[in-house]
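Trainee: Could we go through this model together? I'd like to practise reading it at the bench.

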Amino acid sequence: MIIAVCNQKGGVGKTTTAVSLAVALAQRKQKVLLIDLDPQGNASSGLGIDKNELELTTYDLLIGDKELSDCVIDSGRKNLDILPTNINLAGAELEMVSAVSRETILKRAVAKDSDKYDFIILDCPPSLGLLTLNALTAADSMIIPVQAEYYALEGLSQLLDTVAKVRKILNPDLELLGAVITMYDQRTNLSAEVAAELRKFFQGKCFKTIIPRNIKISEAPSHGEAIIEYEPNSKGGIAYSNLAKEILKIVRK
C-alpha cells in the first residue's frame, strides 16, 4: 500500500507522522519504504541521515534516469528503507513542468519495485505543487495530519478539492485512509472543540488515535530517531504506536 501523508499547511506534524508511522510499521514486521518528497529533507534527517552526504536522492529518481532501487538506502533499521532527499529537490518542480505526463512521474518510478514493500510512505511538502500532485497520483490512500488548533480547518477544503480533481483525472482509486488529529492538548477546551469539528468535517474518517502535544516528539528528530525509538513509553510514542496498530487493522479488514 502506498500512503501519501499530506497537508499543504505547515507545522501540523506531517513529517513526524510519516516518520513515526514508517518506523512503527517496520517494528511490526512490515517491509516499509519511506520516500522524502519535501525539499527540506526533515524526514531524512529525522532518521539520522546526513542530507549533505547523499549520493542519490528523490531528485535523481524524479528528474534523472535513476531507478528506485538505485536511490533507496538502508535506514539502519530492520524492515525500513528510505529514499532520502535534500534541498536539490527544490528545483524539481520547475524541471517537471515541461516533462511528459508530469503528474505521473513518481507513480511510474515506483511501479517496478512497489511490490517489494508492504507499505510505501510518502512525506509530502507543505504545498499543493507538482510534488504533492505526484504523491497523490501514485498513492493508494492518504493520511491528513490536522493540528488541534483554531485554524485547523483552514485550507482543508482546498486540499480536498485538489484530491477530488486527482481522483477525477489521474487516480480514481485514491482513498482517504483517515485524518489524524495532532498536537492535542487535553488541558484546553479549544482542543476538544476543534477535535469535535474535525470529526464532523471528516464524517467518520478521523482516526480514533489522537496525537498529544508532547515535548518528547519535538526532541526526537534532533537525535535522528522517531519518537517510538527515542521515548517509546512517552505519550507521543504510545500514540504513534497505537496509530500504526489502527492502520494495520483498517488495512487488513
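Trainee: Is the crossing of helix 1 and helix 12 left-handed or right-handed?

Mentor: Happy to help, and keep in mind that this is a predicted model. Helix 1 covers residues 14-27 and helix 12 covers residues 235-251, and the two pack with their axes 9 Å apart. Their crossing is right-handed.

Trainee: How are helix 1 and helix 12 oriented to each other, roughly parallel or roughly perpendicular?

Mentor: Start from the angle at which helix 1 and helix 12 pack, about 70°. Angles of 65 to 115 degrees count as roughly perpendicular. Helix 1 and helix 12 are therefore roughly perpendicular.

Trainee: How many charged residues are in the contact of helix 1 with helix 12?

Mentor: On the helix 1 side you'll find residues including Thr16, Ser20 and Leu21, and they meet a helix 12 set that includes Tyr240, Ala244 and Ile247. By class, the contact has eight nonpolar and three polar residues, and the number of charged ones is zero.

Trainee: Why is Cys124 not bonded to the closest cysteine sulfur, in Cys6?

Mentor: A disulfide needs the two sulfur atoms within 2.5 Å. The structure holds zero disulfides. For Cys124 the reason is distance, because its sulfur is too far from that of Cys6 for a bond, at 4.9 Å.

Trainee: And Thr162, is it buried or exposed?

Mentor: Thr162 sits in helix 8, residues 156-169. Beyond its sequence neighbours up to four places away, Thr162 touches Leu128, Leu133 and Leu136. Its relative accessibility is 18%, and the cut-off is under 20%, so Thr162 counts as buried.

Definitions and conventions. Residues are numbered from 1 along each chain as its sequence is written. This is a predicted model: local features need pLDDT of at least 70, side-chain atom pairs count only at pLDDT 80 or more; totals for chains, interfaces and linings use all residues. Side-chain values use heavy atoms; hydrogens and water are left out. Helices (H or I, at least four residues) and strands (E, at least two) are DSSP runs, numbered from the N terminus. Buried means under 20% relative accessible area, exposed over 50%, partly exposed in between (1.4 Å probe, protein chains only). Contact means heavy atoms within 4.5 Å. Axes are lines fitted to C-alpha atoms, for helices over the stretch in contact, and angles run from 0 to 180 degrees between N-to-C directions. Angles under 35 degrees count as roughly parallel, over 145 as roughly antiparallel, 65 to 115 as roughly perpendicular and the rest as oblique. A crossing is left-handed if the near helix is turned anticlockwise from the far one by less than a right angle, and right-handed if clockwise. Ala, Val, Leu, Ile, Met, Phe, Trp, Tyr, Cys and Pro count as nonpolar, Asp, Glu, Lys and Arg as charged, and the others, Gly among them, as polar.
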